[in-house]
Amino acid sequence: MKIKWLVFLLVCILAIIICCTPKTNKNFEYVVNYISQPGISVEKGNVIWNLKDSLPSPFAKNDGTLIKKTDEWEARRNFLLKLMEEYVYGARPKMKLDSVITAAEYRDIQVAGNAITYSARLYYGNSRCFTIRLTRPEEKGNYPVIIRYESNESFRFPIESKCIGSNKYIIVALNHLTVAPDNGEVTEKYMNETKVLMAWAYAASLTVDYLETLDCVDSANITIAGMSRTGKAAICAGVYDKRFKIIVANNSGAAGASGFRNFGEKGTQAIDIVKHQPTWVSAKLLEYIDDANELPLDMHFARALIAPRVILTTEAANGADAIWAGPVSTFKMWKASDYAFNLYQKTENNLIHLRSGGHAQLDEDYQRMMMVVNHICYGERFDNATFRKFQDVEIEK
């Protein structure tokens, strides 16, 4: 009887110890290197940025000094990628492309007289799949690729006719809604292992896996582009996959080119994205919903991780939902990321453009994109200076 009571007592003591032992916050797995930095503290298990009148720096070492060399920055990269997964994007999947089933090619005269189009299903992760549409010039060649998210399979991008007709590019439309839904439950039918923006980004990487098997593709020159929510995904794709040489995001807003801090702008999405679109971004953001200025990172981290490759963000300043995307915050993120491009002496690759108008992708935005893409892929000249300043456009208050 005494032995039974002794065993019972030991079990109770063990239970009390387990319950009272502080649980390790997942946060510390990735941010432990931040704790000793000036401006960083840990409060109730959360890492807090205390210098609210400034942005936390991805370039600061533990003693507060800045990284000075590219090899130091590269050594920091994996830590920052994990940080972005924890706070913004969700875990990066590790699935492989299993197989591809293509439909028959056809002459696509609605695009151009020399356009050849076909659709394909890309299978991954236990028989799930998503769809793409590929349009290429008929003439044999090794063409740069522009991947652009689009769920309307009959929609053609305004740039397609010229890109194909001039024998310059392959255009790929990636149907992101076959990867994961905009809204609603992300079921087992979809890429459910992560958050939606990361899922769309990972699908772009699987698409590149397929493109690299094609003789007609110049895999050294691949552009990923998106508008609004898919602009967010395009940036995420560029952050995690260096095969994307050019990243273009139009009016991408919070978790894209714009940050979670709103810098006094009224009516911006900012950190509220975690309430409005909880399936898109990490739930970790909810812990900072009352004061985004306490976040130990922001979206300039993502932009910096793209360096020294090319990123262009095109923005709207007024009308419709332009302010929802936070153009002032986008400017702050752009400036704060410049240090990474400076390390490589490639500040000319960190590009931004602001225009009047509302939340849309206009012909002007497409033309700006093609100026940059043509310059990188074909050496065509363009005025870089106009993409390296916040244009004199009045932002709606």
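This report describes strand pairing, nonpolar cores and two polar side-chain contacts in a predicted model.

**Strand 5 and its partners**

Strand 5, which spans residues 115-124, has 8 of its 10 residues buried, so it is largely enclosed by the rest of the structure. Its pairings with strand 3, strand 4 and strand 6 are listed below, each with one residue pair from the two strands concerned.

| Partner of strand 5 | Sense | Bridges | Residue pair |
|---|---|---|---|
| Strand 3 (residues 97-102) | antiparallel | 5 bridges | isoleucine 101 and arginine 121 |
| Strand 4 (residues 106-107) | antiparallel | 2 bridges | tyrosine 106 and threonine 117 |
| Strand 6 (residues 128-137) | antiparallel | 10 bridges | tyrosine 123 and cysteine 129 |

Strand 5 and strand 6 also form a hairpin with 3 residues between them, and in this turn glycine 125 has a positive phi of about 45°.

**Nonpolar cores**

In soluble globular proteins, nonpolar side chains tend to be buried together. In this model the largest nonpolar core has 88 residues, of which Trp73, Met84, Tyr89, Ile147, Ile235 and Phe260 touch the most other members. Helix 5 (residues 196-211) supplies the largest share of this core, with 13 residues. Apart from this core lies another one of 25 residues, among them Ala112, Ile159, Cys163 and Phe387.

Tyrosine 89, one of the core residues that touch the most other members, has contacts that reach well along the chain: leaving aside neighbours within four places in sequence, its partners include Met84, Thr194, Lys195, Ile235, Tyr240, Ala255, Met299 and Ala302.

**Two polar side-chain contacts**

Serine 337 is placed in helix 9 (residues 327-343) and, because its relative accessibility is 0%, where under 20% is the cut-off, it counts as buried. Its side chain is joined to that of asparagine 350 by a polar contact of 3.2 Å. When residues up to four places away in sequence are not counted, serine 337 touches Phe59, His300, Arg303 and Ala304 as well as Asn350.

Glutamate 287, by contrast, is found in a loop, between helix 7 (273-276) and helix 8 (300-306). Glutamate 287 is partly exposed because its relative accessible area of 42% falls between the cut-offs of 20% and 50%. The side chain of glutamate 287 makes a polar contact of 3.4 Å with the side chain of asparagine 46, although these two residues are 241 residues apart in sequence, with their C-alpha atoms 8.0 Å apart in space.

Notes:
Residues numbered from 1 in each chain as written. Predicted model: local features only at pLDDT ≥ 70, side-chain atom pairs only at ≥ 80, totals over all residues. Heavy atoms only, no water. Helix = DSSP H or I, 4+ residues; strand = E, 2+ residues; numbered from the N terminus. Buried < 20%, exposed > 50% of the residue type's maximum accessible area, 1.4 Å probe, protein only. Polar contact = N/O pair within 3.5 Å; in protein donor to acceptor, adjacent residues only side chain to side chain. Core = buried A, V, L, I, M, F, W, Y, C linked by side-chain atoms within 4.5 Å. Contact = heavy atoms within 4.5 Å. Pairing = 2+ DSSP bridges.
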